[in-house]
Amino acid sequence: MDFSNIQSYFKKVLDFLKKYLFLFIDWRERRVIRFHALPKWRKGVNSFLTILGIFIFYLLLVDFNFLWLFGKSPSISAIANPPQSLSSEIISADGKLIGKYFTENRKEVTLEEVSPAMVNTLISTEDRRYYKHFGIDFRGLVSATKDMLTGKPRGASTITQQLVKNMFKTRSQYSRGVLGATPGLRLLIEKTKEWTAAIKLEILYSKKEILEMYLNTVSFGSNAYGIHTASRTYFDTTPDKLNYEQSAVLVGLLKAITAYNPYLNPDRSKGRRDVVLQQLATNKYLTQQVVDSLKNLPITLNYRVEKPNEGIAPYFRSHLTKFLERWGETNGYDIYADGLKIHVTIDSRLQKYAEEAVQRQMRQVQRNFFAHWSGQNPWRDENGKELTNLIPSIAKRSKMYKSLSAKYHGNKDSIDKYMNMPKQIRVFDYDGGSKEFTMSSMDSIRYMNHFMHCGFVAMEPDTKHVKAWVGDINYDYWHFDKVAQSKRQPGSTFKLFVYAAGMLAGKSPCDRMTDEPFTWGKGRYAWSPQNASRSFSYANMTLKRAFAQSVNTIAAQLAKEVGVSKVVNAAHLLGIKSKLDSVPTLSLGASDVSLLEMVNAYSTVTAEGMYMPPVLVTKIEDKDGYVIYEERVKPKRVISYENAFLLTELLKGGITEPGGTSRALWNYDLMRFDTEFGGKTGTSSNYSDAWYVGVTPKLVGGAWVGAEHRSIHFRSGSLGQATRTALPIFARFMEKVLADKDFAHYRAKFPSEPKELIGRDYKCVDNDTIYEEPDSIFERIPIEALPIPDILLGNPEERTLIKETEPVSNGIVE
């Protein structure tokens, strides 16, 4: 409500006085007209006017904080613009609510959106003379005073006064002044501030508006603020559908939100509900017969408390939070209290497909990993020796260890005793998301570090809108995001930037180099790159074939020829933001980068050389629907169309060239949708990191697979290389996307002919091949055939399932 117009405000004051004061008395006849509105204890008009004048004078003294005796009161400005904490909503690209930000989970509704049953129940119970008073119910106040004197204390606050307490916290947030320190006067002053603020509310707002504000602000417990959230929390319905028995439960809660909580104390809640229902009969809203029948009904709940981290795409929302908090701080908004609508690029359907693809593939990867290391611990050094200090070092960084260390003053024996003491612990499991076992904290850390992890992200190359984001296998147990937070060696996926530097230096896909041994540098700095096969073909092949088959020696020769600094520059041009070490091994992906960076850089190539940072938010609206932020970043050209076209030809070669590392895509149901693919695999040393970035004209996706610690990995390429671990995630995601008719716009082919003249040869045929590696036997074995070995310590029969335990820490310090 806008009260910037002073004339409008004073008109409201005069209207209020006319209604509640001047019409009491006919000044010409000197007699009371609406005498029934005055207290019964009047002795005459003059006495009443005297008392009224003194009372008003006292209210003014308190309200203006005369001589700082009473402390501050809510001002007219504060009441005209009342504070309201509203939850902000995250809306997906397809219009779905995927999450919220809030300190108080509240969504505003109009009074027309609340059922009459709820309104009647509220007024009947909390303030039956609501429409007859001006914020202070003197009849109720006198009655409450009499009851208190007879030993039956009860409240006399009107709905308006309760709204003041809810909105302005007059008993906690406003100073009490000099007299407020006196126990007897303190309560009187606090009550007086409620009265003055209530009168101001009645002046500035209509009865309907006050009811609306009250229903939107009051707490119903269980983190449910306002009638909209309360309806959802207790009955999974909307305010307009609340019936009388449901309304009676909610109104009954207002007396004591814990004592009368229907979930925590169902019997007490029913008793309180029946009292509220009886009030409806007493105040003639319902007949006694109807009330009696309602009292016989049980309370039927559909109870679910909404938590701040609920919703799909939790890793995306966690990353989004950092952006929004910075934006809010710069622009003066609080995402947790301002009721914003944040429209994001994530599509809930694509997110679902991504999560399904990750779960399906990682379940299989995990079974392979368990079988591969059956009976052994997987944390090994580069020579295969077990790293016996790894688990103890992780344990020392855990919350449990730190807590025990503080409790026992660092006494190692005591700490070790409790760290190794069996207890009931919930740990992650693919079946159902978690399981409860009897195990020690040390056992749980060992167990959790047997798991392989994953990240997947997909975006549109033209708009850079991020459409799906899966940061790991389970957010409840691993908060560390493998898409944007984690940085690992990209292996051969980094070769795109080596070849980009080559194209920028004038090379063409049809230029040739020989796969042969060579040494880069001298003495202690000498480096001799090896192929994954540990052999050399000595074939003179095109760069297109070398890129498709991921020949290490040729990538290294090309990097040496153009210069490592040019490779660094090319990577940064295309979108890599991480610091890159300008060393020879960079040509094979030795510097750590994030998955988000890699996918965005590949998108730059697919978008014909046009760069934009990843886009997460399209627009933000305030609580009134006004757009306060709109994404307006424009793409900029970072490499020429010709160079982007040539690099795209290289990416396409991964699936079309013999021995191409992306040819495994042919094994999936992808080729019937009239869509072209390209991509690049990457596997770091010892199979610690497996990457795949796949491209289509309309959608680019990338996956990373590995353990939390680089010392934990597969020992063979047949299980650990990217073709076996990361590529299937992209493939299974794209299977679902392309099969969905709602996403037919993602079915597309690269242009058969370039838009511009290409001055270099790219249509070359190379008869030399290196090898086509056969599929791993593990790819053909059904999941059920790979049992999970018993890696937990102790007898499996002694593991005890429990009903409710707190999940343990992931065992990792990110």
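In this predicted model, threonine 233 touches Ser222, Ala224, Asn302, Tyr303, Arg304 and Val305, leaving out residues up to four places away in sequence. Threonine 233 sits in helix α9 and is buried, with a relative accessible area of 2%. Glycine 221 offers a handy reference point: it lies 12 residues from threonine 233 in sequence, and the two C-alpha atoms are 9.6 Å apart in space.

The helix that carries threonine 233 also has a helical partner. Two packed helices are described by the angle between their axes and the distance between the axes. Here, α9 (residues 226-235) packs with α10 (residues 244-253) at an angle of about 115 degrees, and the two axes are 11 Å apart. Angles of 65 to 115 degrees count as roughly perpendicular, and α9 and α10 are therefore roughly perpendicular to each other. The crossing of α9 past α10 is right-handed. On the α9 side, the residues that meet α10 are Ile227, Ala230, Tyr234 and Phe235, while α10 contributes Gln246, Val249, Leu250 and Leu253. Sorted by character, the residues of this contact comprise seven nonpolar, one polar and no charged.

It helps to set this pair against the whole fold. The protein chain comes to 27 helices and 18 strands. Of its 814 residues, 53% are buried. Among contacts in the chain with a separation of 6 or more, 70% are accounted for by residues 24 or more positions apart.

A covalent link also joins distant parts of the chain. The count of disulfides comes to one, and this disulfide joins cysteine 510 to cysteine 764, with an S to S distance of 2.2 Å. The torsion about the S-S bond is about -95 degrees, so the disulfide is left-handed. Cysteine 510 belongs to the loop between α19 (495-504) and β10 (512-514), whereas cysteine 764 falls in the segment after α27 (727-739), and the two are 254 residues apart. Both cysteine 510 and cysteine 764 are buried. Another cysteine, at position 454, is buried as well, with a relative accessible area of 0%.

Several loop residues also merit a look, beginning with asparagine 283. This asparagine is found in the loop between α11 (266-282) and α12 (288-295). Its relative accessible area is 19%; buried means under 20%, so asparagine 283 is classed as buried. Beyond its neighbours within four places in sequence, asparagine 283 is in contact with Ser124 and Arg128.

Two further loop residues draw attention through their backbone. Most residues other than glycine have a negative phi. Histidine 409, however, has a positive phi, near 55 degrees, and lysine 464 likewise has a positive value, near 65 degrees. Histidine 409 occupies the loop between α16 (399-407) and α17 (412-419), while lysine 464 is placed in the loop between β8 (452-459) and β9 (466-470). Their surroundings can be told apart by accessibility: histidine 409 counts as exposed at 73%, whereas lysine 464 counts as buried at 1%.

How values were computed: Residues numbered from 1 in each chain as written. Predicted model: local features only at pLDDT ≥ 70, side-chain atom pairs only at ≥ 80, totals over all residues. Heavy atoms only, no water. Axes fitted to C-alpha atoms, helices over the stretch in contact; angles between N-to-C directions. Helix = DSSP H or I, 4+ residues; strand = E, 2+ residues; numbered from the N terminus. Parallel < 35°, antiparallel > 145°, perpendicular 65-115°, else oblique. Left-handed = near helix turned anticlockwise from the far one by under 90°. Contact = heavy atoms within 4.5 Å. Nonpolar A, V, L, I, M, F, W, Y, C, P; charged D, E, K, R; others polar. Buried < 20%, exposed > 50% of the residue type's maximum accessible area, 1.4 Å probe, protein only. Disulfide = S-S within 2.5 Å.
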